[in-house]
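Open the model in your viewer and keep the sequence panel beside it. The stops below say what to select and what is found there.

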Amino acid sequence: MGDARDPLAGRTEAARAAAAVLAPGSLAGKVALVTGGGTGIGAATARQLGRMGAELVIASRKASNIEPAARGLGEELGRSVLGVVCDVRDRAAIDTLVEATLARFGRIDVLVNNGGGQFLTPAEAITPRGWEAVVATNLTGQWALTQAVANRWMLEHGGAIVNVTMLSHRGFPGMAHSVAARAGVEALTRTLAVEWASRGVRLNCVAPGLIASSGFRNYPEGAFVLDELRSRVPLKRLGTAEEIAATIGFLVSPAGAYFTGQVLTCDGGQSLWGDMWVVPDSPAAEPVVLPHEWWELP
Ligand SMILES: NC(=O)c1ccc[n+]([C@@H]2O[C@H](COP(=O)([O-])OP(=O)(O)OC[C@H]3O[C@@H](n4cnc5c(N)ncnc54)[C@H](OP(=O)(O)O)[C@@H]3O)[C@@H](O)[C@H]2O)c1
């Protein structure tokens, strides 16, 4: 497992095995566009789809993330990977990304809306600017790229879209802005899966639980205690980027062809069990006392 304090220490044999299970060549002749494809889950997804034979375009805001990742993955796969600098909050940049992909590869069969992020904050402290930024990235940005890819290619030729979200069913205290955006994406996914079914477009979400990825580096030191996080997961470990990538690879592969409008939760059982949020005792809360006759057996 490596250094127990290192969030990236979760790379396991299981993760490598997950990646290997999807057939090389199953995406041959296809073109996949992955946002946030320079780091973490996005980089693992690009590698997974590349190993399955897809031509790749990866995109995110920072050239320092995208350019070395595109070069490195290209060398690994033995074919060139297109890296495009694109902030999904910028519609002009989205149009440029879609045009660059079509100019280079002539088609877009797979879109993985993975680029995103948020910051931990009590809800009452979220500023209008903070809210706008998180919603613009995680909801409006995913929608804008989905619409652009659909209008420019998929509504005519079909395709598969995966939106990476987060555990949203029970809410996500400490990330109100992001969970609102992600729940919006999940509703949008269900909606478009029906609207665009007849056009051959399938859309699904993958909701990761606690994944040992570079994403943890975005939080202040000490924001998370890894042993504490692991203890909240029934499988008692964090997931890996490769396990999320394999889930995405499955959904966009021929094996996933009958899935549409679904949210696949990949979280080691976390959403079924504990919670990371400790609800403080409130002096105002009166204890609830049930009438004796409600529970006393005859
Ligand atoms: N790791 C987890 O436990 C976990 C759990 C649930 C959900 N997720 C979600 O999974 C996704 C991937 O996360 P990760 O763990 O792999 O973390 P990460 O390495 O920080 O990945 C986020 C990626 O999104 C890109 N990005 C951020 N804002 C963007 C924007 N406005 N336009 C385009 N790209 C943007 C970043 O690149 P640039 O900085 O270069 O733009 C980065 O490559 C995120 O949406 C994250 O919220 C992660």
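Start with helix α6. Its buried residues are His 177, Ser 178, Val 179, Ala 181, Arg 182, Val 185, Glu 186, Thr 189 and Leu 192. Keep in mind throughout that this is a predicted model. Select residues 176-195 to see the whole of α6, which has 20 residues. From its first C-alpha to its last, α6 reaches 28 Å, close to the 28 Å expected at 1.5 Å a residue. Now show what covers the buried residues of α6: this includes α5 (128-157), β5 (159-164), β6 (201-208) and β9 (263-266).

**Val 179**

Stay in helix α6 and select Val 179. Val 179 counts as buried because it has 22 C-beta neighbours inside 10 Å, and 20 or more are needed for that. Leaving aside neighbours within four places in sequence, Val 179 is in contact with Met 166, Ser 168, Gly 171 and Phe 172. Draw a C-alpha to C-alpha distance from Val 179 to Met 166: the two are 7.1 Å apart in space and 13 residues apart in sequence.

**The whole chain**

Zoom out and colour by element. The protein chain has 9 helices and 9 strands. Of its 298 residues, 44% are buried. Among contacts between residues at least 6 apart in sequence, 75% join residues at least 24 apart.

Now colour by pLDDT. The average over the protein chain is 91, and 89% of the residues score at least 70. Select residues 1-10 next: the pLDDT there is below 50, and beyond near neighbours in sequence this stretch has 16 contacts in the model. Among the elements, strand β4 (residues 110-113) has the highest mean pLDDT, 99. Helix α9 (residues 292-295) has the lowest, 60.

**The nonpolar core**

In soluble globular proteins, nonpolar side chains tend to be buried together. Here the largest nonpolar core has 70 residues. To find the residues with the most contacts inside this core, select Ala 32, Leu 49, Leu 56, Ile 58, Val 110 and Val 162. Helix α8 (residues 241-252) gives the core its largest share, 8 residues.

Centre the view on Val 110. Not counting residues up to four places away in sequence, Val 110 touches Lys 30, Ala 32, Leu 33, Leu 49, Ala 54, Gly 159, Ala 160 and Val 252.

**Helix α2**

How many residues of α2 are buried? Select Gly 40, Ile 41, Gly 42, Ala 43, Ala 44, Thr 45, Ala 46, Arg 47, Gln 48, Leu 49, Gly 50 and Arg 51, which are buried in α2. That is 12 of its 12 residues, so α2 is mostly covered. The end C-alpha atoms of α2 are 17 Å apart, which agrees with the 16 Å that its 12 residues should span at 1.5 Å a residue. Move on to Gly 53, which follows α2 and has a positive phi near 110°.

**The ligand**

Show the ligand and the 30 residues around it. Which of these come nearest? They are Gly 36, Gly 40, Gly 115, Gly 116 and Gly 215. The elements that give two or more residues to the shell are α2 and α5. Helix α2 gives the most, with 3 residues. Coloured by class, the shell has 18 polar, 8 nonpolar and 4 charged residues.

**Three loop residues**

Select Arg 79, in the loop between α3 (63-77) and β3 (82-85). Arg 79 is exposed, with 11 other C-beta atoms within 10 Å. Its C-alpha is 9.4 Å from that of Gly 50, although the two are 29 residues apart in sequence.

Go next to Pro 220, in the loop between β7 (211-212) and α7. With 8 C-beta neighbours inside 10 Å, Pro 220 counts as exposed. Pro 220 and Phe 119 are 101 residues apart along the chain, and their C-alpha atoms are separated by 9.4 Å.

Finish at Lys 236, in the loop between α7 (226-231) and β8 (239-240). Is Lys 236 buried or exposed? Lys 236 counts as exposed because it has 10 C-beta neighbours inside 10 Å, and the limit for exposed is 12 or fewer. Check its backbone as well: Lys 236 is not a glycine, yet its phi is positive, about 60°.

Conventions. Residues are numbered from 1 along each chain as its sequence is written. This is a predicted model: local features need pLDDT of at least 70, side-chain atom pairs count only at pLDDT 80 or more; totals for chains, interfaces and linings use all residues. Helices (H or I, at least four residues) and strands (E, at least two) are DSSP runs, numbered from the N terminus. The expected span of a helix is 1.5 Å times one less than its number of residues. Two residues are in contact if their C-beta atoms, placed from the backbone, lie within 7 Å. A residue is near a molecule or strand if its C-beta atom, placed from the backbone, lies within 6 Å of it. Ala, Val, Leu, Ile, Met, Phe, Trp, Tyr, Cys and Pro count as nonpolar, Asp, Glu, Lys and Arg as charged, and the others, Gly among them, as polar. pLDDT is the predictor's confidence in each residue, from 0 to 100. A nonpolar core is a set of buried Ala, Val, Leu, Ile, Met, Phe, Trp, Tyr and Cys residues joined through C-beta atoms within 7 Å.
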